[in-house]
Amino acid sequence: MCLAVPMKVTQIVGPNCTAEMSGITARVRLDLVPDVRVGDYVIVHAGYAIQRLDEQEALETLSLLDELSAHAAEE
Amino acid sequence: MNCPPTPPRNSLCIVSQWNMTNPDPSDIYFDSFRDPDRVCRLAACIRRELAGPITLMEVCGTHTMSVHRFGLRDLLPTELKLLSGPGCPVCVTPNNYYEQVRLLAQNRDVVLCSFGDLLRVPGRDGSLEDLRVNGADVRVVYSPAQALEFALMDPLKKFVFLGIGFETTAPLTAAVIESAQNECCGNFFVLSGHKIMPPPMRALVESGEVAIDGFLCPGHVSVITGDAPYRFLAEEKGKPCVIAGFEPVDVLQGLLMLIRQRNERRSAVEIQYTRAVRPEGNPKARELMQRVFCESDDDWRGLGRIPLSGLRIREEYVAYNAAQLIPPVEIPPEDLSGCICHKILRGIALPNECALFGEICVPDRPRGACMASQEGTCSIYYRYGR
């Protein structure tokens, strides 16, 4: 029930946007996430965006993880 | 590196190489966090660093789903015991809520709008699906906004959205109630069964019924709440907490972070899912939720009545409260005979310890809520063959 998926915002009309993921397009409400722009990735839960995804943070998570696990693999 | 030679059973991992030089955001959010190589390396780290038996609870049903769907259990050492917590909203909703739903359905001008997961939950007198068979108008919606759209299109009927879910979902319901107010919609109602996560986590730790060494905290609840609600677990109760995402890499990294906290003899609330969870959460969503709902004592299947664990619609929004359409319900929130959902939700029993599991109780004909919901522990164990 807390399932939420990342989607890319492709068009914004009032409180709604069109967002897509893997070829699936959906109408998504933006009431809970102000200042969304076209091209942003948001997490969508039950038809509402609940947060904007932070690409920089995602890259940092991956690079930290790769560093740590590579170090562990060398031990 | 001590990496298993074969991919995990049930694995849906997609083999992909992440392009370091020019990453596409969709590759980052989808493929990178399912990368089998990263999964193997993380699992190897966990095996290497686990210094002894540990019991961790994944609080959220969506985490339980990830663990089993991606076959992660098979990659983890047996000394790492994973317990499923009370984080499946449909499962913890007590029978008295379904009794209210049954009473609402008796009004022929009422249309019930529900998430699909609720349909098969067996109440004392049958499920929502049974109500539909008997003539009630029950519509499955994917969003509360859809329920309001139905109401605006058909003003002669009363549309009741069955508001089930934790902090992830409650702000949506709050938003739709405000939308209904803005649209002057007089035929839209919500039956709130919304609940919040930290009180049952406190109840579990304080009951002492099961020893939990750390919590994998719910990622999408935390998108809204931030990390503050779990601090009492780390600071007062000494329990390591990690807020994790739901892809296989997220879950394993979250578990590794919990193991490291224990190895370092510390307890803190850490965020693994930083791409989505900010320490302050989503203040706008929280503000909306607090404007429409107030916290109240609430019943949980398996855990009984927990102080200030439910979200009741405030008096200012009483016109949208479906509870005003029916008399108060006073039935015990107990399970049906033979079902051990109440024990499974507390982490003190596993589905295969239930006499009904897999024989009398299956996803198509569930006897208990934990088999009826896709995210229920019994349903997950049944579908993924554990």
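**Exercise 1. Place B:A180 in its helix, decide whether it is buried or exposed, and list which residues it contacts beyond its neighbours in sequence.**

Solution. In this predicted model, B:A180 lies in helix α8 of chain B, where helices (H or I, at least four residues) and strands (E, at least two) are DSSP runs numbered from the N terminus. The relative accessibility of B:A180 is 0%, so this residue counts as buried; buried means under 20% relative accessible area, exposed over 50%, and partly exposed in between, with a 1.4 Å probe and protein chains only. Once its neighbours within four places in sequence are set aside, B:A180 is in contact (heavy atoms within 4.5 Å) with B:L148, B:C185, B:F188 and B:Y320. The C-alpha atoms of B:A180 and B:A145 are 9.4 Å apart, although 35 residues separate the two along the chain.

Two notes on conventions apply throughout: residues are numbered from 1 along each chain as its sequence is written, and chains are lettered from A and ligands numbered from 1 in the order in which they are written. Because the model is predicted, local features need pLDDT of at least 70 and side-chain atom pairs count only at pLDDT 80 or more, while totals for chains, interfaces and linings use all residues, and side-chain values use heavy atoms, with hydrogens and water left out.

**Exercise 2. Describe how α8(B) and α13(B) cross, and which residues meet there.**

Solution. The axes of α8 (residues 170–182) and α13 (residues 283–292) of chain B come within 8 Å and cross at roughly 65°, the axes being lines fitted to C-alpha atoms over the stretch in contact, with angles from 0 to 180 degrees between N-to-C directions. The crossing of α8(B) and α13(B) is left-handed, which means that the near helix is turned anticlockwise from the far one by less than a right angle. From α8(B), B:A170, B:P171, B:A174, B:A175, B:I177 and B:E178 meet B:A285, B:L288, B:M289, B:R291 and B:V292 of α13(B). The residues of this contact divide into nine nonpolar, no polar and two charged, where Ala, Val, Leu, Ile, Met, Phe, Trp, Tyr, Cys and Pro count as nonpolar, Asp, Glu, Lys and Arg as charged, and the others, Gly among them, as polar.

**Exercise 3. Compare the span of α12(B) with its expected value, and say why it is described as largely enclosed.**

Solution. Helix α12 (residues 248–263) of chain B has 16 residues, which at 1.5 Å a residue should span 22 Å, and its end C-alpha atoms are 23 Å apart, which agrees; the expected span is 1.5 Å times one less than the number of residues. Since 14 of the 16 residues of α12(B) are buried, the helix is largely enclosed by the rest of the structure. Just after α12(B), B:R265 takes a positive phi of about 50°.

**Exercise 4. Find where A:A46 and B:C184 lie, and state whether each is buried or exposed.**

Solution. Most residues other than glycine have a negative phi. A:A46, which is not a glycine, has a positive phi near 45°; A:A46 sits in the loop between β4 (41–45) and β5 (48–52) of chain A, and at 14% relative accessibility it counts as buried. B:C184, also not a glycine, has a positive phi of about 50° and lies in the loop between α8 and β6 (188–192) of chain B. At 71% relative accessibility, B:C184 counts as exposed.
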